[in-house]
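Got your viewer open? Let's take a walk through this protein, one selection at a time.

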Amino acid sequence: MRIAGLQTAGTPGDVAANLRELDRAAGEARALGADLLVTPELFVTGYDIGERLFELARTAPLPAVKEIAGRHELAILAGFAESTAAGLYNSAVMVTQDGREVLHYRKQHLFGELDRHFFLPGDVNPEVVSFMGIRIAAMICYDVEFPEYVRATALAGCELLLVPTAQMEPFTFVAREVIRARAWENQIYLAYINHDGREGNTQYVGNSQIVAPDASVLARIERGDGLIVADVEPGLVARAQHDNPYLQDRRPSAYRSLISDPRKERA
């Protein structure tokens, strides 16, 4: 399977312009042989765009995303603000070329006041689904910085973790180094797809990358807009997890005493 990631500054606050960019990127990705295109976090609306986000979240972009996926004959994982009766969620949905929604994830770990002002935390863990022989799951940005969350998803069978992100300064090291560590310690593929440029008070760091189970970087774009493309090999994760058996060699019973409530210890 060939995966593409779109790093872009987008057009903050302009849903129509961002959908047009998605259309162009989908065409370019398909011309490069991609089967799946991943956008940044909240790509459809923009992220640090202020109170306009509440209104723009009501535009319901998924029909347009499905139409683009079908016309270009590839799957798309799109980051968007999801409006519900309860409030907004920072969400990502993967649609296939035949219009099926195969993944729908809401960000669980909210980062800072920017996230918490607008969004409710999701309460459903990443679902692992099969697509073209690869077991896929999704997280959003800050989620991937919690090693236990990624480890649990790898134990659930994830081979390729898709992470739309809006990583900003001064956290370039997360985009470049932490992501490689997450791939290595779980022996999985990881696609981390970021914004570039500036929105509001947020300066993004770019550095989108697709990483192999051995932590090698298959594709990276440091700054600027563009696509990255890499191939994901069925069966490679199983071989990697056999050769570097972190998951098998864990000793969960030995860790229980380390995860007692620290507040009780201080009492």
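Start by selecting Met139. Its relative accessibility is 0%, and buried means under 20%, so Met139 counts as buried. Keep in mind that you're looking at a predicted model.

Where does Met139 sit? It's in the loop between β8 (134–138) and α5 (147–155). Now show what surrounds it: leaving out residues up to four places away in sequence, Met139 touches Tyr105, Pro126, Val144, Tyr149, Val150, Thr153, Leu161, Leu162, Val163 and Pro164. Next, add Thr165 and draw a distance between the two C-alpha atoms: Met139 and Thr165 are 26 residues apart along the chain, and the separation is 8.9 Å.

From Met139, hop over to Leu162, one of the residues it touches. Which residues does Leu162 contact, apart from its neighbours within four places in sequence? Among them are Ile3, Leu36, Val38, Leu77, Met94 and Met139. Leu162 is also one of the residues with the most contacts inside the largest nonpolar core, which has 52 residues. Others on that list include Ile3, Leu36, Met94 and Ile136. Then colour Ala34, Val65, Ala78 and Met168: they belong to a second, separate core of 36 residues.

Time for some backbone oddities. Most residues other than glycine have a negative phi, and most peptide bonds are trans. Here are some places to look with that in mind.

- Select Glu169 and Pro170. A cis peptide bond joins them, with omega at about 10 degrees. Pro170 is in the loop between β9 (160–164) and α6 (172–186).
- Select Leu42. Its phi is positive, about 50 degrees, although Leu42 is not a glycine. You'll find Leu42 in the loop between β2 (36–38) and α2 (52–56), and at 0% relative accessibility it counts as buried.
- Select Asn207. Its phi is near 60 degrees, also a positive value in a residue other than glycine. Asn207 lies in the loop between β12 (202–203) and β13 (208–211). Buried or exposed? At 5% relative accessibility, Asn207 counts as buried.

Finally, zoom out and show the cartoon. The protein has ten helices and 15 strands. Its radius of gyration is 18 Å, close to the 18 Å that the globule rule gives for 267 residues, so it is as compact as a globular protein of that length. Turn it around: the C-alpha trace spans about 55 × 45 × 35 Å along its principal axes. Switch on the surface, and you have about 11700 Å² exposed, with carbon and sulfur atoms supplying 51% of it.

Definitions and conventions. Residues are numbered from 1 along each chain as its sequence is written. This is a predicted model: local features need pLDDT of at least 70, side-chain atom pairs count only at pLDDT 80 or more; totals for chains, interfaces and linings use all residues. Side-chain values use heavy atoms; hydrogens and water are left out. Helices (H or I, at least four residues) and strands (E, at least two) are DSSP runs, numbered from the N terminus. The radius of gyration is taken over C-alpha atoms; the globule rule is 2.2 Å times the number of residues to the power 0.38. Accessible areas come from the Shrake-Rupley method with a 1.4 Å probe; for residues, only the protein chains shown count as cover. A nonpolar core is a set of buried Ala, Val, Leu, Ile, Met, Phe, Trp, Tyr and Cys residues joined through side-chain atoms within 4.5 Å. Buried means under 20% relative accessible area, exposed over 50%, partly exposed in between (1.4 Å probe, protein chains only). Contact means heavy atoms within 4.5 Å.
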